[in-house]
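Here is a friendly walk through the side-chain pairings of one protein model. Please keep the sequence and the 3D view at hand while you read.

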Amino acid sequence: MRLGISIKRYREKNNLTLRAFASRVGCSYEYIRQIEDTEFTPTNINKLIPILKELNIPLEQFLSEQERNK
């Protein structure tokens, strides 16, 4: 599953705006919007880890899924 889809589902389930989610994970609104709207996946581990933590997705699981989808 794409990270952007996971973020959007999480946000909607928790009634969060893009800005609220971005604030929670320490990223800009534009950065989170870019992830949601495109196939973009963060390559900067310092930005990726807080997003995955908020979504409750273990890093190892995420990386494994990304590898399978190549």
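What joins the side chains of arginine 11 and glutamate 36? They meet in a salt bridge, with N and O 2.5 Å apart. Please bear in mind that this is a predicted model.

**Around arginine 11**

Arginine 11 belongs to helix H1, whereas glutamate 36 belongs to helix H3 (residues 29-37), so called from the chain's N terminus. The two residues are 25 apart, and their pair links distant parts of the chain. Both partners are buried: arginine 11 has a relative accessible area of 10%, and glutamate 36 has one of 11%. Arginine 11 counts as buried because its value is under the 20% cut-off.

Which residues does arginine 11 touch, leaving aside those up to four places away in sequence? They are Leu16, Thr17, Leu18, Phe21 and Glu36. For phenylalanine 21 there is also a backbone figure: its C-alpha atom and that of arginine 11 are separated by 6.9 Å, with the two residues ten apart along the chain.

**The salt bridges**

Side chains of opposite charge can pair when their charged atoms come close. How many salt bridges are there by this rule? The count comes to three, and the table lists them with their N to O distances.

| Acidic residue | Basic residue | N to O distance |
|---|---|---|
| Glutamate 36 | Arginine 11 | 2.5 Å |
| Glutamate 54 | Arginine 24 | 2.8 Å |
| Aspartate 37 | Arginine 33 | 3.9 Å |

Next, look at the salt bridge between glutamate 54 and arginine 24. Glutamate 54 lies in helix H4 (residues 45-55) and arginine 24 in helix H2, so this pair ties together parts that are 30 residues apart in sequence.

Aspartate 37 and arginine 33, by contrast, both lie in helix H3, four residues apart, which is about one turn of the helix. Is aspartate 37 buried or exposed? Aspartate 37 counts as exposed because its relative accessibility of 53% is over 50%. Its partner, arginine 33, is partly exposed, with a relative accessible area of 35%.

**The aromatic pairs**

A pair of aromatic rings is described by the distance of the centres and the angle of the planes. The whole structure holds two aromatic pairs. In one of them, tyrosine 10 and phenylalanine 21 meet edge-to-face, 5.9 Å from centre to centre and with 70° between the planes. This pair, too, links distant parts of the chain: tyrosine 10 sits in helix H1 (residues 3-13) and phenylalanine 21 in helix H2 (residues 18-25), eleven residues apart. Tyrosine 10 counts as buried at 18% relative accessibility, and phenylalanine 21 counts as buried at 0%.

Tyrosine 31 and phenylalanine 40 also form an edge-to-face pair, with 5.6 Å between centres and 85° between the planes. Here tyrosine 31 is buried, at 13% relative accessible area, whereas phenylalanine 40 counts as partly exposed at 29%.

**Charges over rings**

Where does lysine 47 lie? Lysine 47 is placed over the face of tyrosine 31, at 4.3 Å from the ring centre. Tyrosine 31 is also the ring that pairs with phenylalanine 40. In another arrangement of this kind, the charged end of arginine 19 sits over the ring of tyrosine 29, 4.1 Å from the ring's centre.

Technical notes: Residues numbered from 1 in each chain as written. Predicted model: local features only at pLDDT ≥ 70, side-chain atom pairs only at ≥ 80, totals over all residues. Heavy atoms only, no water. Phe/Tyr/Trp six-rings, centres within 6.5 Å; stacked < 30°, edge-to-face > 60°. Buried < 20%, exposed > 50% of the residue type's maximum accessible area, 1.4 Å probe, protein only. Lys NZ or Arg CZ within 6 Å of the ring centre and 35° of its normal. Contact = heavy atoms within 4.5 Å. Salt bridge = Lys/Arg side-chain N within 4 Å of Asp/Glu carboxyl O.
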